[in-house]
Amino acid sequence: MSGPHLPGGDPYPGPHGEGAAAPVATAAAVPDPAPLDGDPPTARGRVTAGRLAATVERLRGEVRAAHAAAEGRALVELAKGVIVERLGCGPAQAARHLAELADQAGLSQLELAADIINQAARDRVAEVAGDFLRTTVGDPAAPGPVAGSRASVGVRLRTTESAVLGAPDTQAVAESLLAHALEPLGAVAVAIWTTGPDASLSLRGHAGYGSDEAARWHHVPPGVTTAARQALTDRRTVWYPSLAAAGIPSIGRTRHPDGGRVVVPAGTGGRIHGVLEICWAGPLDPQPQAVERQIEALAELCAHTLEARPAHSVPARPLVPGGDGPLELAELADGLHDPALVLTPHLDGAGMLADFRIRHANAHFQDPAGRPRSAVEGALLLEAYPATAGGSELFERIERVYATGEPFRCRRTRLTALVDQVPLSSLADISISRHGDNVFLVWRIEDESARLASLLQHAQRLGRVGAFEEDVLTGEITWNDQLFDLFGRQRTEPAVSLRDLAAHAHADDADTIRRFLHSVLQQRRAGSTAFRLLRRDGVTRHIRVIAEPSLGADGRLQAVRGAYQDISAQHWTEVALTATRDRLVATEEAAAERNRLTLQLQHAIMPPAKPPLDAPGLDVAVRYRPAETESLVGGDWYDAVVLPSKKVLLCVGDVAGHGVEAATGMVVLRNALRGLAVTGAGPGQLLAWLNTVAHHLTAQVTATAVCGIYDPENRTLRWARAGHLPPVLVRRSEAVDLPLLGGLLLGALAEAEYEEAELRLEPDDTVLMYTDGLVERRDTSVHDSIAQLLATARLPADGLERRLDLLLSRSKSDTDDDTCLIGVQVT
């Protein structure tokens with residue numbers, strides 16, 4: 001079934017794929033259906049209502065088809081006009097040319113007309129159609145909304161443009177956008193919002209939504225966050241794959257809760273006139289760039305219609321003489337006591353906002369650079385004040401206010417002006433608002449004297465300072481509010497004179513105040529002093545007073561100016577610091593004496609220089625390295641003594657802790673071991689007895705030790721250990737540590753057993769016993785430290801003394817602990 005043809009014979013494809021409508025019939029021409037015999041009245045009524053509804057729906061479809069046909073004819077006629085202008089022919093010849101070109105191209109006249117208009121217009125619609133052709137060439141079955149004929153996009157957009165421009169109001173614009181351009185993209189509803197002067201949003205046109213819901217959303221106050229508000233605030237297109245997931249309210253949310261949304265600012269020349277909101281029934285997948293460009297083109301088309309049909313009809317206003325701003329706005333600016341500018345947008349050749357022109361500067365205008373009003377009126381804002389586009393972002397704020405209509409106010413904004421290419425800054429309160437097509441900029445530069453006075457008041461409050469001035473001739477005294485608070489007096493009470501100051505101070509400070517007054521009043525010199533103020537409320541404050549005389553032309557004293565400062569906190573802080581300092585000195589002296597006694601005790605037991613041991617067939621050498629910090633005197637000890645049996649006792653130990661307790665514990669254990677060794681017991685038994693001594697006879701002393709008994713006759717070394725590192729055997733070019741025998745540290749338990757081992761030595765063998773201060777490091781395991789010790793012990797050395805010195809010099813211990821080292825070499 002085909003509808004009527006356009007001139008040239010091509011049928012126009014309607015918005016739903018049907019042919020154009022036949023001539024429209026009126027409702028009066030529809031005959032009433034004849035009543036059916038035998039039907040009950042209710043049944044006959046339902047039949048009648050159903051037929052009427054079908055007739056109304058058919059008539060509506062015919063009306064829509066007729067409108068579409070008319071819009072298609074408008075495009076064809078416009079293309080004929082382009083051909084007439086280009087070829088210089090008549091309308092009939094243009095119609096024949098159009099039909100012939102369509103036949104040759106294999107297109108309908110409507111599609112060819114859209115191409116001709118696109119080539120002639122070279123506007124945003126033409127760009128979008130061209131982008132569509134480029135993105136779909138070679139892919140006629142592209143998925144999504146771009147599928148189908150590649151020429152259909154240009155036809156749809158031009159048809160939509162024709163319908164929108166011919167629409168009588170914004171409601172008709174919304175219906176045309178949905179029917180011609182958005183339904184082919186899968187959209188189910190559209191809303192057109194306009195912005196008010198207070199940055200509110202009003203629903204001016206809608207399609208696809210019910211009338212009840214549109215009534216509920218007819219107005220959105222400023223500050224309410226909606227999808228359209230987001231696009232207005234951000235000044236960019238916002239895509240919501242699912243409005244419910246975004247959690248932002250908007251029209252139609254209850255009807256399409258999971259539907260996707262696209263909100264696009266509709267603006268021209270840097271000003272946003274409204275917002276185009278498009279709704280899909282389901283979640284919205286990412287769209288091709290060609291679809292995004294189509295939607296942006298529709299928003300631009302919508303913006304032009306909103307610009308031509310303002311939401312609020314504004315009567316024409318007289319203009320400022322010589323300018324383009326409203327006279328009322330200029331009069332309002334002249335009535336302000338603060339500097340104000342009336343700005344109008346300045347567009348570039350492409351119709352984009354490039355700058356603002358200063359149309360009027362009010363009578364109180366004060367240029368930060370010192371220029372007169374005439375120097376800035378008529379100039380572009382960025383030319384007159386290039387720094388507004390800098391760090392202050394003032395130009396961006398003005399641009400935003402002009403675009404959205406939402407006013408901006410800010411306190412203490414830094415204004416920068418260039419004077420001879422030197423930036424001069426000042427602080428000001430800024431107010432920016434839009435009035436029609438004009439921007440109103442008002443600033444109040446902070447007064448320097450008021451700012452300094454405010455700073456002085458805050459400084460006096462924070463420093464607890466009160467100022468005064470006393471006229472010596474008249475006796476008049478002036479105090480500020482801070483000084484009344486300092487003295488604990490009411491503002492209605494008389495101020496205290498300098499001569500009466502002693503009566504309000506502690507009696508012991510009377511002489512101090514007298515000398516201060518004599519210096520200021522008699523000698524006429526500036527002076528200061530501190531005293532204790534006795535207030536009537538019983539509070540005592542420590543006060544410092546500073547005063548200087550003011551002399552007249554004849555050299556006579558006329559007035560005294562000065563200040564009182566509450567230094568109570570400082571005074572008590574100094575007292576506390578003095579007491580703390582005295583306690584620290586006493587503590588340091590006691591610690592120094594304690595360390596001195598500890599070192600004396602340690603050196604008395606183990607002198608740094610030990611005489612050689614007279615042991616046949618055995619060389620013995622010892623080394624003791626105290627801690628680098630004297631306050632960390634430790635409990636490391638060693639011993640090497642020939643017993644009555646001619647055997648040699650060798651031992652090293654380490655008492656836990658530092659200080660006097662560790663040193664005395666070391667003395668007890670060392671002397672006890674010497675006494676026990678004369679019994680002839682083996683090293684295991686000696687350590688068992690020494691454990692009893694450490695557990696019962698000392699005050700909670702724990703220690704580690706290694707004990708050895710060397711028999712010169714058979715060159716054997718019996719040894720045992722109590723939680724200590726085992727000895728090291730150096731034989732020829734090898735160095736190994738002896739087995740790790742069982743044995744708890746001393747003092748841990750009341751009774752303990754210690755395992756013994758026997759080692760037969762060969763000539764030139766060397767045995768090393770040491771404390772952990774030789775190998776211990778914070779960042780290295782004990783196993784790695786012992787491996788490094790064995791590597792050093794393997795190095796060749798010229799004698800036993802040289803070997804011990806080499807071990808100490810190459811020790812990398814970093815625990816700042818004592819170190820004991822015993823070496824024996826068989827000769």
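In this predicted model, R491 is partly exposed, with a relative accessibility of 43%. Its salt-bridge partner is D485, and the closest N and O atoms of the two side chains are 2.6 Å apart. D485 likewise counts as partly exposed, at a relative accessible area of 41%. The pair is one of 22 salt bridges found in a search of the whole structure. As a reminder of the general principle, side chains of opposite charge can pair when their charged atoms come close.

A second pair brings a buried acid into play. D639 and R674 form a salt bridge, again with 2.6 Å between the closest N and O atoms. Because D639 sits in strand β18 (residues 634-642) and R674 in helix α18 (residues 660-677), this salt bridge ties together parts that lie 35 residues apart in sequence. The acidic member, D639, is buried, with a relative accessible area of 1%, whereas R674 is partly exposed at 32%.

A third salt bridge joins the side chains of R731 and E762, with an N to O distance of 3.7 Å. Here too the pair links distant parts of the chain: R731 belongs to strand β22, while E762 lies in the loop between β24 (756-760) and β25, 31 residues away. Both residues are partly exposed, R731 at 22% relative accessibility and E762 at 32%. The pair also belongs to a wider arrangement, for salt bridges that share partners join R731, R732, E762 and D765 into one network.

Strand β22, which carries R731, leads naturally to the sheet around it. Five strands form an open sheet in the order β17-β26-β25-β22-β23, with antiparallel pairing. The edge positions are taken by β17 and β23 (734-737); each has a single partner strand, so one side of each is left without a neighbour in the sheet. From one strand to the next, the twist averages 15°. At the β23 end, β22 and β23 pair in the antiparallel sense over 4 bridges, and within this pairing V728 has D737 of β23 as its bridge partner.

Two helices lie across this sheet. Helix α20 crosses β22, β23 and β25, running at about 150° to β23. Helix α21 lies across β17, β22, β25 and β26, and runs at about 25° to β17. The buried residues of α21 (residues 800-809) are L800, R803, L804, L806, L807 and L808. These residues pack against β17 (618-625), β22 (728-731), β25 (766-770) and β26 (819-826), and also against the other helix, α20 (782-793). The buried set of α21 therefore includes an arginine, R803, which counts as buried because its relative accessible area is under 20%.

Another antiparallel arrangement is built around strand β7 (residues 340-347), which has pairings with both β8 and β11. With strand β8 (residues 353-361), β7 pairs over 7 bridges; V342 has H360 of β8 as its bridge partner. These two strands form a hairpin with 5 residues between them, and G351 in the turn has a positive phi of about 80°. With strand β11 (residues 438-445), β7 pairs in the antiparallel sense over 4 bridges, where L341 is matched with L441 of β11. In general, strands of a sheet pair through backbone hydrogen bonds, either parallel or antiparallel.

What surrounds D509, and is this residue buried or exposed? D509 lies in the loop between α15 (481-487) and α16 (510-522). With a relative accessible area of 9%, D509 is buried. Leaving aside residues up to four places away in sequence, D509 touches F531 and R532.

Finally, the cysteines deserve a look. A search of the whole structure finds 0 disulfides. For C820, the nearest cysteine sulfur is that of C651, at 9.9 Å; C820 is in no disulfide because that distance is not within the 2.5 Å required for one. C820 counts as buried, at 0% relative accessibility, whereas C410 is partly exposed, at 28%.

Notes: Residues numbered from 1 in each chain as written. Predicted model: local features only at pLDDT ≥ 70, side-chain atom pairs only at ≥ 80, totals over all residues. Heavy atoms only, no water. Buried < 20%, exposed > 50% of the residue type's maximum accessible area, 1.4 Å probe, protein only. Contact = heavy atoms within 4.5 Å. Pairing = 2+ DSSP bridges. Axes fitted to C-alpha atoms, helices over the stretch in contact; angles between N-to-C directions. Salt bridge = Lys/Arg side-chain N within 4 Å of Asp/Glu carboxyl O.
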